[in-house]
Amino acid sequence: MAFKPSFDPKTGRFKILVRLSYFNGFRKTASVEGGSLKYRTNGLMYKDDREGGLASIKVVNAALKDIIDKTWPGKDFAQFVKALKDRAPLFHGDDYTTEDGDIREHYEGTRYLKLTSDKKPKYKRRNGQDCDEEELEELFVSGHWAVAYGHFYAIKDKAKGGNGVFTTLDALQYFKKDEQFVGGGISDDDIDDLGDDEDDDLGGGSSDDGDLDI
């Protein structure tokens, strides 16, 4: 069965096909130090229309325009989204660069949606049935494809950062496997020279770092 992205203005829910990136959907994490803890993933949509990327981008824009028109009537959509900057959820992958100014791996030629939720999303198999716990880490991995069900919500409160539009991710439905995204790429310049002697003292002693999340 072919997938068709859609948006229902009555419920505000969108349904789009995305490629998962920086997937952290099983435990809450913060995007920056001290940031709010949420279940999160980026959803990549390809402008070369891979897996219907243009149709999903069109649906996201329709859903964004709908909530902006309802929350801030009369605002020019394109200019308002541009003014929101990082407080809008849809971004150009070509603008997502490293400190050296290089486009991040896998993001060239994409639009990406920041999908976040306070509540753990539902996880479904391709046939719509619930996933077993054992299946989750096999099916939902950065690089694999999933149908994202969610909706946008608006914030106008200055105490919460001012105007913004954000997502609530209701469910992810496995769609298909693809090449997994492993790490973020590394330059040879980032590799330390540890010398040739394998018998060097490693420092020993105890560490105050506690449990490290690796």
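Both faces of strand β3 are covered in this predicted model. On one side, Lys38, Arg40, Asn42, Leu44 and Tyr46 are all buried, and on the other side so are Tyr39, Thr41, Gly43 and Met45. In a regular strand, side chains alternate between the two faces of the sheet. With 9 of its 9 residues buried, β3 is largely enclosed by the rest of the structure.

The neighbours of β3 come next. Strands β2 and β3 pair in the antiparallel sense, over 5 bridges. Here Arg19 has Leu44 in β3 as its bridge partner. Strand β3 is also joined to β5 by 8 bridges, and these two strands run antiparallel. Two residues of β3 help to locate this pairing in the model: Asn42 has Lys114 in β5 as its bridge partner, while Arg40 stands opposite Thr116 in β5. Strand β5 is itself largely enclosed by the rest of the structure, since 7 of its 8 residues are buried. Strand β4 is joined to β5 as well, by 3 bridges in an antiparallel arrangement, and Leu90 stands opposite Leu113 in β5.

Several of these strands meet again at the largest pocket, which has a volume of about 920 Å³. The pocket is lined by 27 residues, and the closest to its centre are Ser31, Val32, Arg40, Lys114 and Thr116. Arg40 and Thr116 are thus met a second time, as the residues that stand opposite each other in the pairing described above. Strands β2, β3, β5, β7 and β8 (164-176) each supply at least two residues of the lining. By class, the lining holds 13 nonpolar, 9 polar and 5 charged residues.

Aromatic contacts add another layer to the picture. A pair of aromatic rings is described by the distance of the centres and the angle of the planes. The structure holds 15 aromatic pairs. One of them joins Tyr22 and Tyr96 in an edge-to-face arrangement, with 6.4 Å from centre to centre and 65 degrees between the planes. Tyr22 belongs to strand β2 (residues 13-29) and Tyr96 to the loop between β4 (90-92) and β5 (110-117), so this pair ties together parts that are 74 residues apart in sequence. Both residues are partly exposed: Tyr22 has a relative accessibility of 41%, and Tyr96 has a relative accessible area of 22%.

A second pair, between Tyr46 and Trp145, is tilted, with 5.9 Å from centre to centre and 40 degrees between the planes. Because Tyr46 lies in strand β3 (residues 38-46) and Trp145 in strand β7 (residues 145-155), the pair ties together parts that are 99 residues apart in sequence. Here both residues are buried, as Tyr46 has a relative accessible area of 3% and Trp145 one of 2%.

Tyr22 and Tyr96 also take part in a wider grouping: together with Phe91, Tyr107 and Tyr112, they form one aromatic cluster. Tyr96 has a charged neighbour too, for the charged end of Arg104 sits over its ring, 4.7 Å from the ring centre. Elsewhere in the model, Arg126 lies over the face of Phe175, at 4.4 Å from the ring centre.

How values were computed. Residues numbered from 1 in each chain as written. Predicted model: local features only at pLDDT ≥ 70, side-chain atom pairs only at ≥ 80, totals over all residues. Heavy atoms only, no water. Phe/Tyr/Trp six-rings, centres within 6.5 Å; stacked < 30°, edge-to-face > 60°. Helix = DSSP H or I, 4+ residues; strand = E, 2+ residues; numbered from the N terminus. Buried < 20%, exposed > 50% of the residue type's maximum accessible area, 1.4 Å probe, protein only. Lys NZ or Arg CZ within 6 Å of the ring centre and 35° of its normal. Pairing = 2+ DSSP bridges. 1 Å grid on protein atoms, 1.4 Å probe; cavity = no way out; pocket = protein on both sides within 12 Å on 5 of 7 lines; lining within 4 Å. Points joined across faces, edges and corners; volume = space filled by probe spheres on them. Nonpolar A, V, L, I, M, F, W, Y, C, P; charged D, E, K, R; others polar.
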